[in-house]
Amino acid sequence: MDAQVIGVTCVAGLGVSGVAVARVLAARGERVVVVEATEGERQLAAATELAGAGVETRFGEMVLPEGATRLVTTGWAPHHPLVAAALAAGVEVVGEVELAWRLRPEQAAPWLALTGTNGKTTAVRMLTSILLAAGRKALAVGNVGVPVVQAVAEPYDVLAVELSSFQLHWSSTLAPHAAAILNVAPDHLDWHGSMEEYAAAKGRVYERAGTVIFNADDPETTRLAAPYPGAVGFTLRVPKRGEIGVVEDLLVDRAFVADPVEAAEELATLEDVRPFAPHNVANALAAAALARSLGVPSEAVSQGLRDFVPDPHRLAHVDRIGEVDYIDDSKATNPHAAAAALASYPSVVWVAGGLLKGADVDDLVRQAAPRLRGAVLLGADRARIAEAIARHAPNVPLVDIADRDTGVMERVVTEAARLASPGDTVLLSPAGASLDMFANYPARGEAFARAVRGLRARREHER
């Protein structure tokens with residue numbers, strides 16, 4: 001009976017991190033109860049596996065078990081009824097990442113932590129590649145790859161930790177060797193409640209960091225780093241003393257060198273950064289700064305960047321048809337990410353739309369207007385993008401695709417090809433989430449790529 005249970009840890013949900021938390025705590029001899037709303041095939045299989053380790057799973061209404069002394073959440077908002085009930089009852093609420101930090105063994109691997117609105121996964125994977133090139137036994141964990149709680153007990157030399165704002169909100173004692181914020185722009189405001197709260201969550205990564213690393217070209221990131229003396233900036237400009245930046249075609253370190261006043265060290269070339277785009281150079285600089293904070297030599301930075309293989313759906317070149325390039329950037333699920341992609345090409349037919357999650361697109365369209373040669377819009381919030389284009393780029397041809405069936409991308413690509421001229425780039429960079437029409441952003445990107453391949457087949461058949 002619940003009334004007899006003392007010292008129960010409640011785990012919220014049977015996601016990847018939730019299962020990892022339950023397994024680790026049970027192995028430590030703790031009493032664990034997982035609560036899960038969905039009784040699907042995957043969840044039932046996970047519950048069966050955990051039952052073998054002595055973990056109880058309760059399906060249905062998310063109710064805090066009696067006797068619970070701690071709730072471990074894997075990114076649930078404070079206003080979720082389960083979390084709110086725990087807080088009201090005085091039950092400690094911690095995130096999976098915070099729990100992992102507390103469970104680290106003696107002589108645990110240092111953490112190099114990174115967050116930001118966009119580019120986190122790319123930068124963390126670049127960092128991991130650099131660390132491996134330096135001969136370090138490293139692993140990407142957190143919001144990408146392996147749950148942190150699963151990795152902390154393993155004998156790694158260093159962990160490259162990607163952190164979301166959700167994870168940081170529920171973290172209070174993290175003290176990484178170094179921490180970087182790539183950028184901060186409005187996102188997940190429905191979760192955090194305001195831009196101020198969202199930015200504050202990102203800023204928590206700095207609170208106990210040994211070295212603070214910030215984007216000197218991003219005002220909000222610069223503001224968050226301002227209270228920390230000795231913070232290291234990275235910039236696409238020529239670096240000042242104490243910064244890492246770009247000199248002509250070189251990535252240059254003036255921070256982690258013996259004499260930052262007089263000395264500078266070449267780390268890599270712009271050609272080492274793939275795919276090449278300004279925001280991706282910033283990702284590489286952040287990764288390099290984190291690695292350099294740990295004493296990684298410059299040769300490993302350049303080699304690691306060359307070894308890095310970009311993930312799909314991030315400025316992925318699909319094809320070149322009739323002197324028009326087709327680019328899949330389906331991962332751009334918010335306006336800030338789409339702005340970075342649009343800034344990477346001089347002449348764009350933009351494929352956009354989806355769920356904007358309350359984000360404003362006026363600044364995005366205003367900045368991109370000189371580059372736009374056309375726009376093809378789809379998805380639930382396409383009308384808001386159309387209105388912004390009407391305000392800021394009224395002469396740009398626009399096609400509204402209201403269809404929502406499985407063949408919609410074929411029509412989208414056909415219309416985009418009609419609007420494009422030789423030298424243009426047809427860019428899928430939606431600025432919104434995909435769940436209104438697709439299972440996820442990879443499914444959206446794959447649909448776009450299939451449609452582009454179909455376009456090529458039709459063009460070749462017409463010859």
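Buried means under 20% relative accessible area. Tyr206, with a relative accessible area of 0%, is therefore buried. The model discussed here is predicted.

## Aromatic pairs

A pair of aromatic rings is described by the distance of the centres and the angle of the planes. In this model the count comes to two aromatic pairs. One joins Trp101 and Trp111: the ring centres lie 4.8 Å apart and the planes meet at 80°, so the pair is edge-to-face. Planes over 60 degrees apart fall in that class. The two residues come from distant parts of the chain, 10 residues apart. Trp101 belongs to helix 4 (residues 96-102), while Trp111 belongs to strand 6 (residues 111-115). Trp101 counts as buried, at 11% relative accessibility. Trp111 is buried too, with a relative accessible area of 2%.

Tyr206 and Tyr228 form an aromatic pair that is also edge-to-face, with 5.8 Å from centre to centre and 65° between the planes. Here both partners sit in loops, 22 residues apart. Tyr206 is in the loop between helix 9 (195-203) and strand 10 (211-215). Tyr228 is in the loop between helix 10 (219-225) and strand 11 (232-234). Tyr206 is buried at 0%, whereas Tyr228 counts as partly exposed at 25% relative accessibility.

## Charges over rings

Two lysines are placed over tyrosine rings. Lys137 lies over the face of Tyr156, 5.2 Å from the ring centre. The charged end of Lys331 sits over the ring of Tyr441, at 5.5 Å from its centre.

## Salt bridges

The count comes to 25 salt bridges. Three of them are listed here.

| Acid | Base | N to O distance |
|---|---|---|
| Glu49 | Arg23 | 2.6 Å |
| Glu30 | Arg28 | 3.8 Å |
| Asp400 | Arg382 | 2.9 Å |

Arg23 lies in helix 1 (residues 16-27) and Glu49 in helix 2 (residues 41-51), so their bridge ties together parts that are 26 residues apart in sequence. Both ends are partly exposed: Arg23 has a relative accessible area of 34%, and Glu49 has 44%.

Asp400 lies in strand 19 (residues 398-400) and Arg382 in helix 15 (residues 382-392), so this pair ties together parts 18 residues apart in sequence. Asp400 counts as partly exposed at 40% relative accessibility. Arg382 counts as buried at 18%.

Salt bridges that share partners also join Arg28, Glu30 and Arg70 into one network. Within it, Glu30 is partly exposed, with a relative accessible area of 27%. Arg28 is exposed, at 51%.

## Helix 12 and its packing

Helix 12 covers residues 298-307. Its buried residues are Ser298, Ala300, Val301, Ser302, Gly304 and Leu305. These buried residues pack against two helices, helix 5 (120-133) and helix 11 (278-293). They also pack against strand 13 (250-253) and strand 14 (265-269).

## Annotated span

UniProt lists residues 313-432 as "domain: Mur ligase C-terminal", in an unreviewed entry. In the model, the end C-alpha atoms of residues 313-432 lie 14 Å apart. The span is 32% helix and 24% strand.

Methods. Residues numbered from 1 in each chain as written. Predicted model: local features only at pLDDT ≥ 70, side-chain atom pairs only at ≥ 80, totals over all residues. Heavy atoms only, no water. Phe/Tyr/Trp six-rings, centres within 6.5 Å; stacked < 30°, edge-to-face > 60°. Helix = DSSP H or I, 4+ residues; strand = E, 2+ residues; numbered from the N terminus. Buried < 20%, exposed > 50% of the residue type's maximum accessible area, 1.4 Å probe, protein only. Lys NZ or Arg CZ within 6 Å of the ring centre and 35° of its normal. UniProt positions renumbered as here; feature names shortened; annotations may be inferred. Contact = heavy atoms within 4.5 Å. Salt bridge = Lys/Arg side-chain N within 4 Å of Asp/Glu carboxyl O.
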